[in-house]
Amino acid sequence: MSNVSPRKEESRSRILEGAGRGFRSHGYGGVGVDALAKEAGVTSGAFYAHFKSKAAVFREAVITGLQGVRRHIETMTATHGAAWREMFIDFYLGDRRTVDMAGSCTLQSLTGEVARSDAEVRAAYERELGDIITATAAGLEGSEEERRVKAIALLALLTGAVTMARAVNDPATSEEIADAARLVAKGIR
């Protein structure tokens, strides 16, 4: 049993959620502790009561965001059976790719930031990514090795396509990128 008060836990969660939005919107280097605290609706002092540094909250925001991706995949596979994959592809490449970066997927929006991070953040990312790959592979066909390869390819294709589709100004080009990725991704079974 945790001896952390529910109020303190709620405050920590708000900071983590706000920091996740801030990092996804502005990147690690584009936002400071004061802005992260403001995004969470707390003071900088309250921020430091929960996290010793911006780097510490970044690591936790990455972990929390990636765990959310894994849970989403697990829920879709459990709820929709064999149809989960097409539904996930349509969800990932659909309107969600056009939401404000604050509401975007951690896998797509923070991977580049993680690549520039320290070894501790990268190790945490790798652990969580491994769990996402395992969850994705569980819903695919083939041997264990084939499912893992397909899961990696599917996740890389989707996150790369969303990154490219977000980077262009022309909505028609963005849609073309998503359509091309959707066509290939739906062939991965």
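## Exercises on a predicted helical model

The buried residues of helix α6 are covered by parts that include α1, α4, α5, α7 and α8. Keep in mind as you work that this is a predicted model. Have the structure open and try each task before reading on.

### Exercise 1: Helix α6 and its cover

Task: Find out how many residues of α6 are buried, and place E113 in the picture.

Solution.
- Step 1. Count along the helix: 7 of the 10 residues of α6 are buried, so this helix is mostly covered.
- Step 2. Name them: the buried residues are T106, L107, Q108, S109, L110, E113 and V114.
- Step 3. Look at E113, which is found in α6. Its relative accessible area is 17%. Buried means under 20%, so E113 falls on the buried side of the cut-off.
- Step 4. List what E113 touches, leaving out residues up to four places away in sequence: G27, Y28, G29 and F58.

### Exercise 2: Aromatic pairs

Task: How many aromatic pairs does a search of the whole structure find? Then work out the geometry of the pair F23 and F58, and of the pair F47 and Y48.

Solution.
- Step 1. The search of the whole structure gives 7 aromatic pairs.
- Step 2. Take F23 and F58, whose ring centres are 5.0 Å apart, with 85 degrees between the planes. Planes over 60 degrees apart count as edge-to-face, so F23 and F58 form an edge-to-face pair.
- Step 3. Place the two rings in the fold. F23 lies in helix α1 (residues 6-26) and F58 in helix α4 (residues 54-80), so this pair ties together parts that are 35 residues apart in sequence. Both F23 and F58 are buried.
- Step 4. Now take F47 and Y48, which are also edge-to-face, at 5.3 Å centre to centre and 85 degrees between the planes. F47 is buried, with a relative accessible area of 0%, whereas Y48 is partly exposed at 45%.
- Step 5. Widen the view around F23: ring pairs link F23, Y28 and F58 into a cluster. K54 lies over the face of Y28, at 4.1 Å from the ring centre.

### Exercise 3: The nonpolar core and V57

Task: Which residues of the largest nonpolar core touch the most other members, and which element gives the most to this core?

Solution.
- Step 1. The largest nonpolar core has 48 residues, and those touching the most other members are F23, F47, V57, I73, L93 and L158.
- Step 2. Trace the elements that give two or more residues to this core: α1, α2 (33-40), α4, α5 (84-93), α6 (106-115), α7 (119-138), α8 (144-167) and α9 (171-185).
- Step 3. The most comes from α4, with 8 residues.
- Step 4. Zoom in on V57, which sits in helix α4. V57 is buried, at 0% relative accessible area. Setting aside residues up to four places away in sequence, V57 touches I15, L16, A19, F23, L36, F47 and F51.
- Step 5. Compare sequence with space: V57 and G20 are 37 residues apart in sequence, and their C-alpha atoms are 8.5 Å apart.
- Step 6. For background, nonpolar side chains in soluble globular proteins tend to be buried together.

### Exercise 4: The largest pocket

Task: What lines the largest pocket, and which element gives the largest share of the lining?

Solution.
- Step 1. The space in the largest pocket comes to about 440 Å³.
- Step 2. Its lining is made of 23 residues, and G65, V69, S104, C105 and T106 lie nearest the centre.
- Step 3. The elements giving two or more residues to this lining are α1, α4, α5, α6 and α8.
- Step 4. The largest share, 7 residues, comes from α4.

### Exercise 5: Two residues to classify

Task: Are S44 and T134 buried, partly exposed or exposed?

Solution.
- Step 1. S44 is in helix α3 (residues 44-50). The relative accessible area of S44 is 23%. Partly exposed covers the range between 20% and 50%, so S44 belongs there.
- Step 2. Beyond residues up to four places away in sequence, S44 touches D34 and A37. The C-alpha atoms of S44 and F58 are 15 Å apart, with their positions 14 residues apart along the chain.
- Step 3. T134 is in helix α7. At 52% relative accessibility, T134 is over the 50% cut-off and so counts as exposed.
- Step 4. As a last distance, the C-alpha atoms of T134 and M87, 47 residues apart along the chain, are separated by 18 Å.

Terms used
Residues are numbered from 1 along each chain as its sequence is written. This is a predicted model: local features need pLDDT of at least 70, side-chain atom pairs count only at pLDDT 80 or more; totals for chains, interfaces and linings use all residues. Side-chain values use heavy atoms; hydrogens and water are left out. Rings of Phe, Tyr and Trp (its six-membered ring) pair if their centres lie within 6.5 Å; planes under 30 degrees apart count as stacked, over 60 as edge-to-face and the rest as tilted. Helices (H or I, at least four residues) and strands (E, at least two) are DSSP runs, numbered from the N terminus. Buried means under 20% relative accessible area, exposed over 50%, partly exposed in between (1.4 Å probe, protein chains only). A charge sits over a ring if NZ of Lys or CZ of Arg is within 6 Å of the ring centre and within 35 degrees of the ring normal. A nonpolar core is a set of buried Ala, Val, Leu, Ile, Met, Phe, Trp, Tyr and Cys residues joined through side-chain atoms within 4.5 Å. Contact means heavy atoms within 4.5 Å. On a 1 Å grid over the protein atoms alone, a cavity is a set of points where a 1.4 Å probe fits but cannot get out, and a pocket is an open set with protein on both sides within 12 Å along at least five of seven lines; lining residues have an atom within 4 Å of a point. Grid points are joined across faces, edges and corners, and a volume is the space filled by probe spheres set on the points.
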